[in-house]
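Grab the model and work through a few exercises on helices, contacts and odd backbone spots. Each task comes with a solution that goes step by step.

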Amino acid sequence: MNPLGEKYLRKNFLPFLFCPGCGDGMIVQAFLEAVDDLGIINDLALAAGIGCSAWIPVYIHADVLKVLHGRAIPAAIGLKATRPSRKVVVFTGDGDGLAIGGNHLLHAARRNIDITVVMVNNQIYAMTGGQVAPSTPVGSRTQTTPYGNLEKPLDGCKVAIAAGATMVSRWSTAYPKALSRTFKKAMNHKGFSFVEVISQCPVQTGRYILGSGAPHFNLQWIKDHCVPVEDPSQIGEVEAQGKIPVGDFLQIEKPEFMEEVQRMNQKAKEAQSKGGER
Amino acid sequence: MKKGRIKVMQGNEACVEAAILAGCRFFAGYPITPASEILEGMARRLPLVDGFCLQAEDEIAAIVAVVGASWGGAKAMTATSGPGFCLMQEGVGLAASVESPCVIVNVQRGGPASGQSTSTAQGDLYQARYGSNGDYSLITLCPSTSQEMFDHTIRAFNLAERFRIPVIILSDEVVAHIREKVTIPDPDQLEIVERKKPTVPMEEFIPFQAGEDDVPPMPAFNTGYKIPVISQAKSLSGNRGNAKEAEAFIHRITRKVDAHIAEFADVRTYGDEKAETAFVSFGSVCRSARSAVDMAREKGLALRSVEVKTIWPFPDDLLRSKLTGAKRMVVAEMNLGMLVNEVRRVIRRPDIPIELFSKIGGIYPQPQEFLRFLEEKR
């Protein structure tokens, strides 16, 4: 077994439930590289909802709370608030994170709470059998858009930036080293970090949208369509060519929510001891 | 008599006071009438005890954050009313499935849908028990007074910790907003229960294996156990269970509560325990039933008021014993007949009519109405 797997996987839960050629295994590897480099396995608290990507953390030998569809972020907030020293990481998908859980994403980003959200985007509802997702390209034929998808996809990174996230990146399974670096950066970032991972689903997206269920074809599709940008100002240009910009789009410093809460609590207690409150 | 201080409080305020004393350090909620004072009170009080109060983006986020906080190691609570309780139902099932101790207050108002936001009702009785999908069990407590709201809140946390379940406090608008005396015992007078923690090292710890009481020990996250907690029906190791494992899991999470009902069932009688005519009620309706008992006594008429305090799992045996000797039973409730179904199921005496006094629309029933009902229906 891969030495990282040997060290960090929950072996009694193997084999993975992921389909052959799925990108989720590559994300596990990239994430474990980051965890190993940072030496934070004991501080990790992982949260997930429902969908293929929600199973990523379950195989990692750490504390894992896998809740309901779309609800990983609220669970993560409960974990973070009860012990802010935890490294809380959410694994979500494009359906879990942008559709059913979209509201939670907005409000967690707005609070700038120090959690990392990894959103695996395979452009489809894969686990339920290939239905249209909020990330599916216009015109795609899926099980629920048999005449082609009419709805414009939602860009998770732009949503996160607009809502107030303080670190936003998008990479893909085709650039595993960049992905691992970004995971590290995100977990070190003090504030709400959002990492979108463009990932391949040969079984659903590959067969029904892209035209082939062959894993190498799907990985090649990502390589051909994801264009790294050095600067966020290049995003528009890449999108105009019908391609997907990847890169580190935003990292800024703003007051972190739980630190603000602790400051507020301190002030409230001081005011109370002076007889101000109540 | 317990040592303590006396304060005039609303039910909602008594709930906040008790939650803090019970050790609640995380609250998440969303504003809703007539429950908002609990969220407001927790927002004021929790910072002073190093806790945290989250005003969530919706009730779904609130209850799931409570489950997260519970695994984070805290005692956690949320409070809402009917429409919010609807949204929370997926989280009730989640808390039951991942066996997270937590307390959920539902201050009932008129329904269905937005119903009557400022009026009292008792229409959520079955929702409290059967609102989420699948088989699970939980405990539901029904306070009638501010004092009971205080006592039941302490008890709710204790039962949640003891059984690793969501405990629902089914309050209503009358209990929430009435102001009356509450005795707040000194903290050292209170019995506070904490969840059982594992005593073996991680290597020997089997996450969902329970002993004789069917309640597995619960480690907090980041205390060295690296526990996998999933919302699926689980094997003992915490992975997705096969048919046999799923069956055993569902049996265990229901049995751990239902088999111990004698430990916590609470049905009380007010008035003449041998009276042939009995009122059966829960929540705020018990208040009028009590007054009716007192008023009838003045007229030389013996009545008993049987008050169901733990309504789920339904206390079949205890209720039967409290109704021994009764020849006429009137179930009074503010819905079209829910508790009455349970009483009829439990009593099953074709010779004893079990009548329903039902009042809906948001106007609280007066004791005189009960007495009139007894006369007119005779």
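**Exercise 1.** Find the residue that follows α6(A) and give the sign of its phi.

*Solution.* Step 1: go to the end of helix α6, residues 156-163 of chain A; helices here are DSSP runs of H or I with at least four residues, strands are runs of E with at least two, and both are numbered from the N terminus. Step 2: the next residue is A:Gly164, and its phi is positive, near 120°.

Before going on, note that this is a predicted model, where local features need pLDDT of at least 70 and side-chain atom pairs count only at pLDDT 80 or more, while totals for chains, interfaces and linings use all residues. Residues are numbered from 1 along each chain as its sequence is written, and chains are lettered from A and ligands numbered from 1 in the order in which they are written.

**Exercise 2.** Sort residues of α6(A) into buried and exposed, and work out what covers the buried ones.

*Solution.* Step 1: use the burial cut-offs, counting other C-beta atoms within 10 Å of a residue's own: 20 or more is buried, 12 or fewer is exposed, in between is partly exposed, with C-beta atoms placed from the backbone. Step 2: A:Gly156, A:Cys157 and A:Ala160 come out buried. Step 3: these three span an arc of only 100° around the axis, so they sit on the same side of α6(A); the arc is taken from the directions from the helix axis to the C-beta atoms. Step 4: on the face turned away from that buried side you'll find A:Lys158 and A:Ala162, both exposed. Step 5: the cover over the buried residues includes α4 (94-100), α5, β4 (115-121), β5 (167-172), β6 (193-198) and β8 (244-251) of chain A.

**Exercise 3.** Describe how α3(A) packs on α5(A).

*Solution.* Step 1: two packed helices are described by the angle between their axes and the distance between the axes. Step 2: for α3 (residues 72-82) and α5 (residues 102-111) of chain A, the axes come within 8 Å and cross at roughly 35°. Those axes are lines fitted to C-alpha atoms over the stretch in contact, and angles run from 0 to 180 degrees between N-to-C directions. Step 3: list the partners, with contact meaning that C-beta atoms placed from the backbone lie within 7 Å. A:Ile73, A:Pro74 and A:Ile77 of α3(A) meet A:His104, A:Leu105 and A:Ala108 of α5(A). Step 4: by class, that contact has five nonpolar residues, one polar and no charged. (Ala, Val, Leu, Ile, Met, Phe, Trp, Tyr, Cys and Pro count as nonpolar, Asp, Glu, Lys and Arg as charged, and the others, Gly among them, as polar.)

**Exercise 4.** Are α8(A) and α9(A) roughly parallel or roughly perpendicular?

*Solution.* Step 1: check how covered α8 (residues 202-210) of chain A is: seven of its nine residues are buried, including A:Val203, A:Thr205 and A:Ile209. Step 2: α9 (215-225) of chain A is part of what covers them. Step 3: the axes of α8(A) and α9(A) come within 10 Å and cross at roughly 70°. Step 4: the two helices are therefore roughly perpendicular; the bins are under 35 degrees for roughly parallel, over 145 for roughly antiparallel, 65 to 115 for roughly perpendicular, and oblique for the rest. Step 5: the contact uses A:Pro202, A:Gly206 and A:Leu210 from α8(A) against A:Pro215, A:Phe217, A:Asn218 and A:Trp221 from α9(A). Step 6: five of these contact residues are nonpolar, two polar and none charged. Right after α8(A) comes A:Gly211, with a positive phi near 105°.

**Exercise 5.** Locate the cis peptide bond that leads into A:Pro15 and the one that leads into B:Pro313.

*Solution.* Step 1: the bond from A:Leu14 to A:Pro15 is cis, with omega near 5°, and A:Pro15 sits in the loop between α1 (3-8) and α2 (24-38) of chain A. Step 2: B:Trp312 and B:Pro313 are also joined by a cis bond, omega about -15°. B:Pro313 is in the loop between β13 (310-312) and α11 (316-322) of chain B.

**Exercise 6.** Is B:Asn222 buried or exposed?

*Solution.* Step 1: B:Asn222 lies in the loop between β8 and β9 of chain B and has a positive phi of about 60°, although it isn't a glycine. Step 2: B:Asn222 counts as buried because it has 22 C-beta neighbours inside 10 Å.

Notes. Contact = placed C-beta atoms within 7 Å.
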